[in-house]
Amino acid sequence: MKTLRTTLSLSFTAAAAATLVLLGGNAVAAGHHAATAGGDEAAATAVLAQKSGCLACHRGAGKGNGPAYQDVAAKYAGNKADAEALLAKHIIEGTGPDGLGWMQAGKASLPFMPANHVSPADARKLARWVLNTTGEIPDISRLFVTEQITVTGVVKNPLTLDPDALRRFPPQQVGEVPLVCQSGADRGKLENFKGVRLIDILNKAEIVAPGHNDVKKLAIVATASDGYKAVFSWNEIFNSPLGEGVMVFFEKNGKPLGDTDGRIAMVSSKDTRTGPRHVKWLQNIEVKKIAD
Ligand SMILES: Nc1nc2c(c(=O)[nH]1)N[C@H]1C(S)=C(S)[C@@H](COP(=O)(O)O)O[C@H]1N2
Ligand SMILES: [Mo]
C-alpha cells in the first residue's frame, strides 16, 4: 500500500506545472478536434489530469483501478456544488484505506484512492471536470508525444537522440512484455517492438564516475513529457541481469510507435510488475549522483 501511494503521487512537480502552461496551449488547439461541448477547457483539464497522475487509474467511461469519471459524476449529480469541494478534498488527501465502496460495487479494481500532490486550485478544477464527465475523455496522448530524447547529467558526452540516431545502436527485437500495473492490474502487453539497450546508450554517453565508489551512488532517472519519472540505480543497469532488459524503444510491428506510447518509450522488461517502469513519451535520461 505504501509503495503504491508513493508511486501514484510522485508525478506532479513544479517542473511539470511549468510545462503545463505550454501543453495547455496545445490542448486548447486540440479541443477543436475533440468536438465536445466545452472541449477546449475539457482537453486542458485532461492534460492536468494526466500530469497529476489521475489517468493512470481513471477513465471517462469504463472501470479502471478507480471508477469511471462518468460514474462519479452520476453519483453526485443531484448535488454538484457540495460535491466539488468533497471531491477536491478526496483528490488531495485520498479516500483513506477503506475507500468509498467503488470496488465492492464492482466499479473499480482498487479499494481506495491514494493522496495526490495537487494544489487546492487544481484539485477544484479537476473535481469540476470530473463532475461534468458524461463519457470517454478526449484522447490527449498526441500532446505528449516526444520525437527525441536527451541524455544528460554526469556524462562526458550529453546526447540528443531521435529514432534515426537510436537505430545506429545495436538493435534489439523484443517479442512480448506483459504490462502489469503496480496495483497488480493487467494493462495488456507490449508486443513485437524494436529498441536499443539503455546500457548501450549510457556507454556512448560515457558516465563520469572517477572515484572507486562513485558508480554505487548513481541513479538513472527517466523522465517523460507528462512529468512521469522512473528511477534506476547504476548497479541495477550494469551489475544485474535486469539491466539487459531495460530498453529504449521506438518501433512496434515494424512501424513507428503511435501517440499512446509516444515515438520513443522505455521499458524495464524484467521487472516483476512492468507497468511502473514502462515510461511512455520518454524525454530525458539523466545520470545523477544521489548520495555523497
Ligand atoms: N509517461 C507516462 N508513462 C507511464 C504512465 C504515465 O502516467 N505517464 N503510467 C504508467 C503506469 S502506472 C502503467 S501501469 C503503464 C501502463 O500504462 P498503459 O496501460 O497506459 O499502457 O504505463 C506507465 N507509464
Ligand atoms: Mo500503473
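Which residues touch the most other members of the largest nonpolar core? In this predicted model, where local features require pLDDT of at least 70 and side-chain atom pairs count only at pLDDT 80 or more, totals for chains, interfaces and linings use all residues. Residues are numbered from 1 along each chain as its sequence is written, and ligands are numbered from 1 in the order in which they are written.

The largest nonpolar core, a core being a set of buried Ala, Val, Leu, Ile, Met, Phe, Trp, Tyr and Cys residues joined through C-beta atoms within 7 Å, comprises 63 residues, of which Leu126, Val248, Ala265 and Leu282 touch the most other members. A residue is taken as buried if 20 or more other C-beta atoms, placed from the backbone, lie within 10 Å of its own, as exposed if 12 or fewer do, and as partly exposed in between. Because domain 1 (2-140) and domain 2 (145-289) both contribute residues, this core lies between them; the domain bounds come from an automatic or database domain assignment. A second, separate core of 5 residues includes Trp102, Leu110, Phe112 and Met113.

Around ligand 1 there are 13 residues, among which Cys181, Arg187, Ala224, Tyr228 and Gly275 come nearest, a residue being near if its C-beta atom, placed from the backbone, lies within 6 Å of the molecule.

Gly258, by contrast with buried positions, counts as exposed because it has 12 C-beta neighbours inside 10 Å. The C-alpha atoms of Gly258 and Val145 lie 8.6 Å apart in space, although the two residues are 113 residues apart in sequence.
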